[in-house]
Amino acid sequence: MTGRICGTGSALPHFRVTNDDLSKIMDTSDEWIKSRTGIETRYLATEETTTSLAVEAARQALENAGVEAAELDTIIAATVTPDKLFPTLSCEIQNALGAVNATAFDISAGCSGFLFALNTVQAYIESGCCKKALILGAEVLSKIMDWEDRSTCVLFGDGAGAAVICADETGILKCVQRSDGTKGMALHCYNRPVNNPYKKNPVDLDYTHMNGQEVYKFAVRTVPKTISEILGSVGVTPDEISLFILHQANIRIIESVAKRLNQPMEKFPLNLTECGNISAASVPTLLDKVNRRGLIKKGDKIVLAGFGAGLTWGAAVLTW
Ligand code: COA
């Protein structure tokens, strides 16, 4: 048995912010953001929360799969911006959906989170302890941005994506997940500091810090190598892949991956232009977009790949 993606869903906040809108509140421009990243707009939560976006994406994915919440045995949400430290986002989703038979837990792997959730579910399915799972990537990154740091805050957006994974005869051919903690400080955000009666610290909350060039170099080196390795391990060539659904951080990273794999950009759908980088939600929201537009046909082979904080990265090759 393997895992098959049998339904997808996504949700974005209603409030859309253009590059020009940002240029009114900070020293930036549409020209700078678009030429450096490809991003034109992003959606930022004003009324929504990580949980409300995730629940909406989950409901859509269940409907798309024709699966009832009570049929789920596993729920895994990937997020670095849950509304609460506990209960987990997954348990909140379980409660909202009435998924009474599921075991729910979160994964924190930055922008690779959805791939890590997929890999985990795949291992559960292969071991026989899971038949129907819901996996999600959901983020409200705008709450951990320093809105005075133009080099980071213009890149990110909010949103959620979900997929239902069913045990089946065909589907995922191979998944990999990797990490390199030695480069962790390239993209980091501190949690609350130690603060108790014996050790006092100011309780100022930290925001996202990024060494953009280091992350860029890591992505363009690691992503094509990982995709080539995973394809080689299952005897599939890049030419046989219909679509490469990559984490949406920067169009120049995606163009570089396309070039290194010797594949046309038409095979690399985008939602970063509209949504910016939504971390763990990038891959599933884009997957939902191409699925709903009928751009993937049964039997097509597709690649999913993510990379980000940790540093972490992961990829999957599957038959639709
Ligand atoms: N608007 C205008 N100018 C900006 C700006 C903004 N929003 N942000 C930074 N700048 C300025 C800098 O201050 C710098 O000015 P200086 O030369 O006078 O010091 C200049 O633009 C160039 O900055 P630099 O950091 O060298 O730009 P870059 O070409 O490396 O592009 C990124 C920056 C962040 C777009 C790029 O490094 C990147 O995409 N990295 C990957 C990040 C990523 O994908 N992170 C998420 C991974 S999950």
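This report describes the domain arrangement, the covalent and ionic links, and the backbone exceptions of a predicted model.

## Domain arrangement

The domain assignment divides the protein into domain 1, covering residues 2–169, and domain 2, covering residues 174–319. The C-alpha centres of these two domains are separated by 13 Å.

Contact between the domains involves 49 residues on the side of domain 1 and 44 residues on the side of domain 2. Together, domain 1 and domain 2 bury about 3,600 Å² between them, and carbon and sulfur atoms account for 62% of that area.

## Composition of the interface

On the side of domain 1 that touches domain 2, the elements giving two or more residues include the helices α2 (30–37), α3 (50–65), α5 (113–127) and α6 (150–153). The strands that do so are β1 (2–11), β3 (41–43), β6 (132–140) and β7 (158–168). Helix α5 provides the largest share of this side, with 7 residues. Sorted by class, the side of domain 1 that touches domain 2 comprises 21 nonpolar, 20 polar and 8 charged residues.

Which polar interactions cross the interface of domain 1 and domain 2? The rule finds 25 residue pairs in polar contact there, with both residues of each pair at pLDDT 80 or more. The count of salt bridges between domain 1 and domain 2, by contrast, is 0.

## The disulfide

The structure holds 1 disulfide. This bond joins Cys 6 to Cys 166, with an S to S distance of 2.4 Å. The angle about the S-S bond is 55 degrees, and the link of Cys 6 and Cys 166 is right-handed. Cys 6 belongs to strand β1 and Cys 166 to strand β7, so that the pair, 160 residues apart, links distant parts of the chain. A disulfide is, in general, a covalent bond between the sulfur atoms of two cysteines.

## Salt bridges

Over the whole structure, the search finds 10 salt bridges. In one of them, the side chains of Asp 168 and Arg 4 meet with an N to O distance of 2.5 Å. Because Asp 168 lies in strand β7 and Arg 4 in strand β1, this pair ties together parts that are 164 residues apart in sequence.

Strands β1 and β7 thus recur in this account: Cys 6 in β1 is paired with Cys 166 in β7, and Arg 4 in β1 is paired with Asp 168 in β7. Both strands are also among the elements that give two or more residues to the side of domain 1 that touches domain 2.

## Backbone exceptions

Most residues other than glycine have a negative phi, and most peptide bonds are trans. The peptide bond from Phe 86 to Pro 87 is cis, with omega near 0 degrees. Pro 87 is located in the loop between β4 (74–78) and α4 (89–97).

A cis peptide bond also runs from Gly 310 to Leu 311, with omega near -10 degrees. Leu 311 is found in the loop between β12 (301–308) and β13 (312–319). Asn 262, a residue other than glycine, has a positive phi near 60 degrees. This asparagine, Asn 262, occupies the loop between α8 (251–260) and α9 (272–275).

Terms used. Residues numbered from 1 in each chain as written. Predicted model: local features only at pLDDT ≥ 70, side-chain atom pairs only at ≥ 80, totals over all residues. Heavy atoms only, no water. Domains from an automatic or database assignment. Contact = heavy atoms within 4.5 Å. Buried area = accessible area lost by both parts, 1.4 Å probe. Salt bridge = Lys/Arg side-chain N within 4 Å of Asp/Glu carboxyl O. Polar contact = N/O pair within 3.5 Å; in protein donor to acceptor, adjacent residues only side chain to side chain. Helix = DSSP H or I, 4+ residues; strand = E, 2+ residues; numbered from the N terminus. Nonpolar A, V, L, I, M, F, W, Y, C, P; charged D, E, K, R; others polar. Disulfide = S-S within 2.5 Å.
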